[in-house]
Amino acid sequence: MGKEINGQGEERTAFEIGVVVPKRAVKESDESADCVEVLVRKFKEAGLIVERVIGIADEFIKLAAPLETLGRAAAELQIKKPTQMGMDLQFEWDDVEAFVRQPDGSLFSWRERFHCFNHLIYGIVNKRNSAVTLKFDDKEFHWELGKSLLQMLEAEGIVKQVFPLHDEIKRKQLLRNWALNWSGFTSQPIDDIYSYFGTKVATYFAFLGMYTRWMLFPAVFGITLQMVNLRSSQSMVLPIFFISIILWAVMFFQFWRRKNAALLTRWQISYSGVADPGCKISGSDWNSLQSPVELIKKVETDRAREKEVFQRAEWFGHMMRFRNDVIILLSIICLQLPFELAYAHLYEVTHPIALKYGLTAIYLLAIQYFTKIGGKLSVKLIKYENNESTEYRADSLVYKVFGLYFMQSYIGVFYHALLHRDFKTLRQVLIQRLIVSLVLENLMENCIPYLKYSYRKFGVRNKKRREKGSSTGKIQFTSRVEKEYLKPSYSASIGEELEDGLFDDFLELALQFGMIMMFACAFPLAFAFAALNNVTEIRADALKLLAMLKRPVPRAAATIGAWLNIFQAN
């Protein structure tokens with residue numbers, strides 16, 4: 001919110017949105033026609049608090065909003081919120097005391113605030129009787145009647161980016177109490193994570209923490225089996241271990257559902273109020289892809305006609321999904337299967353253990369590249385599916401990409417299991433896969449964002465030196481907002497059009513869960529490896545979100561979605 005109370009009881013301005021525009025050496029003489037000046041003035045007229053920061057290469061406009069401004073925007077958006085009576089009613093600023101506060105005491109959640117900010121800044125439209133001529137660096141632009149000013153400036157390239165800003169005080173608190181706090185093992189300030197990042201990120205960390213705690217039982221069981229020489233009793237103990245693992249998994253998912261429901265109740269979130277307005281892909285809105293319901297609204301009111309249109313659209317959607325699934329399946333069979341079998345054969349003829357580890361590392365890097373290609377193909381194919389909502393489109397992508405990863409990750413292991421039928425050989429393969437994959441994933445997950453950030457800073461410094469005509473001299477980034485702008489976004493490896501970075505994090509967990517469940521008897525110690533990795537993963541993911549990436553855009557999610565079905569299928 002615009003004004004918050006700090007520890008000394010004083011008000012502070014919490015800027016939550018950043019707008020990036022190019023830096024100019026000379027401003028327009030007529031400020032009334034300067035598009036950036038007009039934009040800043042309109043922001044102030046909308047009730048926003050504005051602060052301008054001059055960076056090395058760009059200018060930054062930081063935005064905050066008083067509570068009343070957000071409240072009136074929420075009323076215009078007709079946001080429904082729980083009341084003290086236990087009912088969800090449309091928010092009204094005049095009845096603000098009747099509505100229940102968030103766990104951190106604020107009136108609006110981060111997702112609601114972000115929604116209100118979008119409404120305020122993108123809702124600035126030309127209400128005059130004619131188009132307005134604006135200027136920027138001797139170029140003229142026409143702000144058409146009824147058009148959004150910010151959208152027009154984005155289309156013209158004047159506004160480079162609009163992104164959420166980190167709240168430095170809250171960020172440091174989370175760093176101290178969460179990312180850098182190893183004393184709590186799997187304990188996390190979930191309510192603080194929800195307040196700062198939103199429902200989807202908080203749900204992921206709640207799931208990861210509970211999954212890691214529950215992993216302790218099979219980890220201890222597996223270590224015991226590994227240390228004790230079973231000999232003749234192996235044929236009896238291993239089936240008992242496998243059955244106990246199955247029961248453990250069933251109980252875990254049941255208890256997770258209960259915890260998920262408890263969290264939603266605590267955060268005052270209902271399943272009906274979590275639909276995303278739509279995600280952009282290839283320059284267009286997902287909402288522009290008409291669903292059967294949207295098609296029905298556009299036809300005549302005749303019921304027979306409505307039924308015919310609905311059935312035709314529904315069957316068309318089913319056919320498109322079937323076609324896309326066939327394309328993905330054929331790509332796996334024709335392109336990936338020979339590659340997997342070639343790796344398995346090379347692994348057999350390679351004898352030094354160091355070479356086997358090296359071959360496994362090259363193989364894992366290669367399948368990462370192949371799967372990114374398959375994921376991008378899946379995103380393009382889903383454009384033509386007639387899914388009913390963004391959630392269905394995201395779930396469709398999850399199933400397709402996981403199918404690619406499943407084949408790539410497990411077919412080589414199955415090949416070894418069926419070819420040799422020897423626990424010792426299979427255990428050796430699993431150990432190498434687990435160790436190499438854990439090392440590579442953590443390196444790529446944490447090093448790539450830092451390298452991207454360093455490369456962008458290097459590019460900005462070089463550009464500034466060229467403008468000055470000097471190759472010497474140290475250039476310091478003094479503004480925090482410019483550093484945040486240069487950080488990478490929290491996006492999926494297959495592209496940021498449909499899913500955020502949680503796609504990769506959930507995919508990593510699902511592949512790990514499938515590996516340890518399917519080959520539990522061959523390598524019981526895998527559960528201990530997974531538990532150790534997950535404890536590290538909690539802190540590494542927290543550090544990545546707080547220090548290495550931009551603050552993620554809040555996304556609506558009541559559950560972990562299609563990932564729960566995939567975990568249960570494993």
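**Exercise 1. Two helices side by side**

Task: In this predicted model, work out how helix H7 (residues 199-214) and helix H16 (residues 502-518) are placed relative to each other.

Solution:
- Step 1. Start with the axes: those of H7 and H16 come within 11 Å and cross at roughly 20°.
- Step 2. Now apply the cut-off: angles under 35 degrees count as roughly parallel. H7 and H16 are therefore roughly parallel to each other.
- Step 3. Add the handedness, which is left-handed for this crossing of H7 and H16.
- Step 4. Finally, look at who meets whom. H7 brings Lys200, Val201, Tyr204, Phe207, Leu208 and Tyr211, and H16 answers with Leu502, Asp505, Phe506, Leu509, Gln512, Phe513 and Ile516.

**Exercise 2. Into the nonpolar core**

Task: Find which residues of the largest nonpolar core touch the most other members, then follow tryptophan 248 to its contacts.

Solution:
- Step 1. The largest nonpolar core has 78 residues, and Trp178, Phe197, Phe207, Tyr211, Trp248, Phe527 and Trp563 touch the most other members.
- Step 2. Leave aside neighbours within four places in sequence, and tryptophan 248 is in contact with Tyr211, Trp214, Met215, Phe217, Pro218, Phe513, Met517 and Phe527.
- Step 3. There is also a second, separate core of 43 residues, with Phe99, Ile121, Leu149 and Leu153 among its members.
- Step 4. For background, nonpolar side chains tend to be buried together in soluble globular proteins.

**Exercise 3. Building a sheet**

Task: Lay out the sheet that contains S4, S5, S3 and S10, and say which strands stand at its edges.

Solution:
- Step 1. Write down the order: the 4 strands of this open sheet run S4-S5-S3-S10, with antiparallel pairing.
- Step 2. Strand S4 (49-54) and strand S10 (161-164) each have a single partner strand, so they stand at the edges and one side of each has no neighbour in the sheet.
- Step 3. On average, neighbouring strands here are turned by 25° against each other, direction ignored.
- Step 4. Zoom in on one pair: S3 (residues 17-22) and S10 are joined by 4 bridges, and glycine 18 has phenylalanine 163 in S10 as its bridge partner.
- Step 5. Put the helices in place. Helix H1 (residues 35-45) lies across S3, S4 and S5, at about 150° to S4, while helix H3 (residues 110-122) lies across S3, S5 and S10, at about 155° to S10.

**Exercise 4. A lysine in a strand**

Task: Is lysine 62 buried or exposed?

Solution:
- Step 1. Locate lysine 62 in strand S5 (residues 58-64).
- Step 2. Its relative accessibility is 12%, and buried means under 20%, so lysine 62 counts as buried.
- Step 3. Check the surroundings: not counting residues up to four places away in sequence, lysine 62 touches Phe15, Ile17, Ile49, Val50, Glu51, Val53, Leu165 and Val481.

Note on methods: Residues numbered from 1 in each chain as written. Predicted model: local features only at pLDDT ≥ 70, side-chain atom pairs only at ≥ 80, totals over all residues. Heavy atoms only, no water. Buried < 20%, exposed > 50% of the residue type's maximum accessible area, 1.4 Å probe, protein only. Contact = heavy atoms within 4.5 Å. Pairing = 2+ DSSP bridges. Axes fitted to C-alpha atoms, helices over the stretch in contact; angles between N-to-C directions. Core = buried A, V, L, I, M, F, W, Y, C linked by side-chain atoms within 4.5 Å. Parallel < 35°, antiparallel > 145°, perpendicular 65-115°, else oblique. Left-handed = near helix turned anticlockwise from the far one by under 90°.
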